[in-house]
Amino acid sequence: MTSRDDLTLANRLADAAGEAIRPFFRARYDLEFKADKSPVTEADKAAEAAIRAILEKERPDDGIIGEEYGATREDAERVWILDPIDGTKSFVAGRPIFGTLIALTQAGWPTIGIIDQPIARERWAGMAGRPTTFNGAPVRTRACRDLDEAILASTAPQLFPGCTGEHFSLLAGQCRDTLWGGDCYNYGLVASGHVDIVVEAGLKLHDLAALVPVVEGAGGRMCDWAGEPLTADSDGQVIAVGDPARLDDILEALAQGHDGHHR
């Protein structure tokens with residue numbers, strides 16, 4: 001089972017990642033590019049290595065899946081999912097809106113999630129069955145009476161494959177404002193009641209696992225574009241909404257011109 005000790009450990013992992021990342025921010029460092037052209041820095045690697053060292057010592061039976069160093073014991077009942085720097089492009093450009101993502105999944109379901117911004121020292125922590133906290137104080141999503149009052153956020157228009165970008169545009173046309181950039185930081189802003197909706201496509205497990213406990217523990221909802229819960233098997237199409245009453249409106253907008261199949 002997931003316990004308060006696990007949440008304490010998750011916070012220690014975020015502390016260790018932050019210590020590894022801060023010396024590299026707006027500094028000179030080596031930059032590599034993966035096959036998909038996404039950047040990876042020394043800071044990504046140092047942060048994940050710092051987290052893994054603690055987990056190997058303190059939770060030797062748990063699995064680990066990390067963006068930089070792959071999977072260890074991934075068939076374990078409990079698996080830690082790590083993205084040391086979610087938003088590497090922002091990090092490289094000196095924008096402090098990236099974050100370290102740490103999740104604990106139990107039988108494929110996210111039960112603990114941390115979104116940590118190590119430069120601003122802002123941390124959202126979520127755990128199933130407990131209210132989400134921001135720097136230790138409980139936070140709540142805000143009510144949104146209609147889509148035309150909503151602030152919608154997403155990372156980048158080019159991340160919507162095929163016709164998914166058109167569906168996003170139909171939704172954006174019904175919202176008050178659309179903000180670009182922000183990666184995981186946007187989901188923390190949903191939890192704190194500053195942003196109403198985040199919609200994205202192409203997310204991987206390490207991008208989304210930590211977000212679910214944070215958003216849902218603050219009163220929001222997360223699901224895929226078909227309204228189904230997010231698990232290790234999800235296809236990467238993600239909706240986060242602060243006011244669950246708006247979810248049907250969002251699903252309807254995204255489904256316009258669609259035959260109802262969101263896969």
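Thr164 lies in helix H4, which covers residues 164-172; helices (H or I, at least four residues) and strands (E, at least two) are DSSP runs numbered from the N terminus. The structure is a predicted model, in which local features need pLDDT of at least 70 and side-chain atom pairs count only at pLDDT 80 or more, while totals for chains, interfaces and linings use all residues. Residues are numbered from 1 along each chain as its sequence is written, and side-chain values use heavy atoms, with hydrogens and water left out. The pLDDT, the predictor's confidence in each residue from 0 to 100, averages 93 for the protein, and 95% of the residues score at least 70. Over residues 259-263, pLDDT stays under 50.

With a relative accessible area of 9%, Thr164 is buried, where buried means under 20% relative accessible area, exposed over 50% and partly exposed in between (1.4 Å probe, protein chains only). When residues up to four places away in sequence are not counted, Thr164 touches Trp225 and Gln237, a contact being heavy atoms within 4.5 Å.

Helix H1 comprises 18 residues (4-21), for which a rise of 1.5 Å a residue gives an expected span of 26 Å, in agreement with the 26 Å between its end C-alpha atoms; the expected span is 1.5 Å times one less than the number of residues. The buried residues of H1 include Asp6, Leu7, Leu13 and Ile21. At the start of H1, a side-chain oxygen of Ser3 comes within 3.2 Å of the backbone nitrogen of Asp5.

The largest nonpolar core, a set of buried Ala, Val, Leu, Ile, Met, Phe, Trp, Tyr and Cys residues joined through side-chain atoms within 4.5 Å, contains 31 residues, of which Ile115, Trp124, Tyr187, Leu211 and Met222 touch the most other members. Among the elements that each supply at least two residues of this core are strand E5 (78-86), helix H5 (185-191) and helix H7 (211-217), and H5 gives the most, with five residues. Beyond its neighbours within four places in sequence, Leu211 is in contact with Leu101, Ile115, Cys184, Tyr187, Leu203 and Met222. A second, separate core of 28 residues includes Leu7, Ile21, Phe24 and Ala125.

The model has zero disulfides, counted as pairs of cysteine sulfur atoms within 2.5 Å. The sulfur of Cys175 is too far for a bond, because the closest cysteine sulfur, in Cys144, is 7.7 Å away. Cys184 is likewise in no disulfide, the nearest cysteine sulfur, that of Cys223, being 19 Å away. Cys175 is buried at 9% relative accessibility, and Cys184 is buried at 1%.

Technical notes. Polar contact = N/O pair within 3.5 Å; in protein donor to acceptor, adjacent residues only side chain to side chain.
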